[in-house]
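Here is a friendly tour of one protein model, taken a piece at a time. Keep the picture in view as you read, and look up each residue when its name comes up.

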Amino acid sequence: METLTRLEQVIAERKAASPDASYVAKLNAAGIEKIAQKLGEEAVETVIAALSGSREEVVGEAADLIFHLLVLLQARRITLGEVMAELDRREGTSGIEEKASRSE
Ligand SMILES: N=c1c2ncn([C@@H]3O[C@H](COP(=O)(O)OP(=O)(O)OP(=O)(O)O)[C@@H](O)[C@H]3O)c2ncn1[C@@H]1O[C@H](COP(=O)(O)O)[C@@H](O)[C@H]1O
């Protein structure tokens, strides 16, 4: 958790850097569509690694996926704290109940 909070902070700081020197700044300069596209690509790569890759490949793709998710959340001005609060809210509720409450 500490790692994610630290990375969220780094991403916030790097947004203002030069796109030539920072991947985070480059993605933000390209816009939300590009960030969403990258997140989708990383999700697909994670799925492929899960089905046919090595353990190391799954770990690497999962790290790419989480990193790009944090970039996307920040681009939408959503904090990790908000997502954690939503997960906390769901704690203790079964997945089946949770699905039913969302479709009401
Ligand atoms: N955790 C990451 C991280 N994970 C993945 N990536 C980058 O995400 C990209 C994804 O891989 P791809 O092969 O899809 O990338 P690509 O072909 O270069 O991407 P495109 O040209 O398609 O945009 C690579 O360029 C990786 O370097 C990351 N880039 C940055 N970070 C963290 O963000 C911090 C700030 O980075 P900068 O903004 O570059 O200073 C770093 O110190 C790290 O802690």
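## Just after H5

Gly92 comes just after helix H5 and takes a positive phi of about 90 degrees. Helices here are DSSP runs of H or I with at least four residues, strands are runs of E with at least two, and both are numbered from the N terminus. How many of the eleven residues of H5 are buried? The number is zero, so H5 lies largely in the open. The word "buried" has a cut-off: 20 or more other C-beta atoms must lie within 10 Å of the residue's own, while 12 or fewer make a residue exposed and anything in between makes it partly exposed, with C-beta atoms placed from the backbone.

## How to read this model

This is a predicted model, in which local features need pLDDT of at least 70 and side-chain atom pairs count only at pLDDT 80 or more, while totals for chains, interfaces and linings use all residues. Residues are numbered from 1 along each chain, as its sequence is written.

The predictor's confidence in each residue is called pLDDT and runs from 0 to 100. The protein averages 94, and 94% of the residues score at least 70. The ipTM is 0.91 and the pTM is 0.91. Where pLDDT is low, the predicted coordinates should not be read in detail.

## The overall build

The protein has six helices and zero strands, giving the pattern α-α-α-α-α-α along the sequence. Its C-alpha atoms fill a box of roughly 45 × 35 × 25 Å along the principal axes.

Of the 104 residues, 12% count as buried. Two residues are in contact if their C-beta atoms, placed from the backbone, lie within 7 Å. Among contacts between residues at least 6 apart in sequence, 42% join residues at least 24 apart.

## Helix H4 and the loop after it

The expected span of a helix is 1.5 Å times one less than its number of residues. For the 21 residues of H4 that should be 30 Å, and the end C-alpha atoms are indeed 30 Å apart, so the two values agree. Which residues of H4 are buried? They are Glu61, Leu65, His68, Leu70 and Val71, and their cover includes H1, H2, H3 and H5. Val59 also lies in H4, which covers residues 55-75, but Val59 is exposed because it has 12 other C-beta atoms within 10 Å.

Arg77 sits in the loop between H4 and H5 (80-90). Its phi is near 55 degrees, a positive value in a residue other than glycine. Most residues other than glycine have a negative phi. Arg77 counts as exposed because it has 7 C-beta neighbours inside 10 Å.

## The nonpolar core

A nonpolar core is a set of buried Ala, Val, Leu, Ile, Met, Phe, Trp, Tyr and Cys residues joined through C-beta atoms within 7 Å. The largest one here has seven residues: Ile11, Val24, Leu27, Ile35, Leu39, Leu70 and Val71. H2, H3 (32-52) and H4 each supply at least two residues of this core.

Leaving aside neighbours within four places in sequence, Leu27 is in contact with Lys34, Ile35, Lys38 and Val71. Lys38 belongs to H3 and is partly exposed because it has 19 other C-beta atoms within 10 Å. The C-alpha atoms of Lys38 and Leu27 are separated by 8.9 Å, with the two residues eleven apart along the chain. Not counting residues up to four places away in sequence, Lys38 touches Leu27 and His68. Glu33 is also in H3, and it counts as exposed because it has 8 C-beta neighbours inside 10 Å.

## Around the ligand

Which residues surround the ligand? They are Leu7, Val10, Arg14, Ser22, Tyr23, Val24, Ala25, Asp64 and Phe67. A residue is near the molecule if its C-beta atom, placed from the backbone, lies within 6 Å of it. H1 (2-14), H2 (23-30) and H4 each supply at least two residues of this shell.

By type, the shell divides into six nonpolar, one polar and two charged residues. Here Ala, Val, Leu, Ile, Met, Phe, Trp, Tyr, Cys and Pro count as nonpolar, Asp, Glu, Lys and Arg as charged, and the others, Gly among them, as polar. Val24 appears in the shell and also in the largest nonpolar core.
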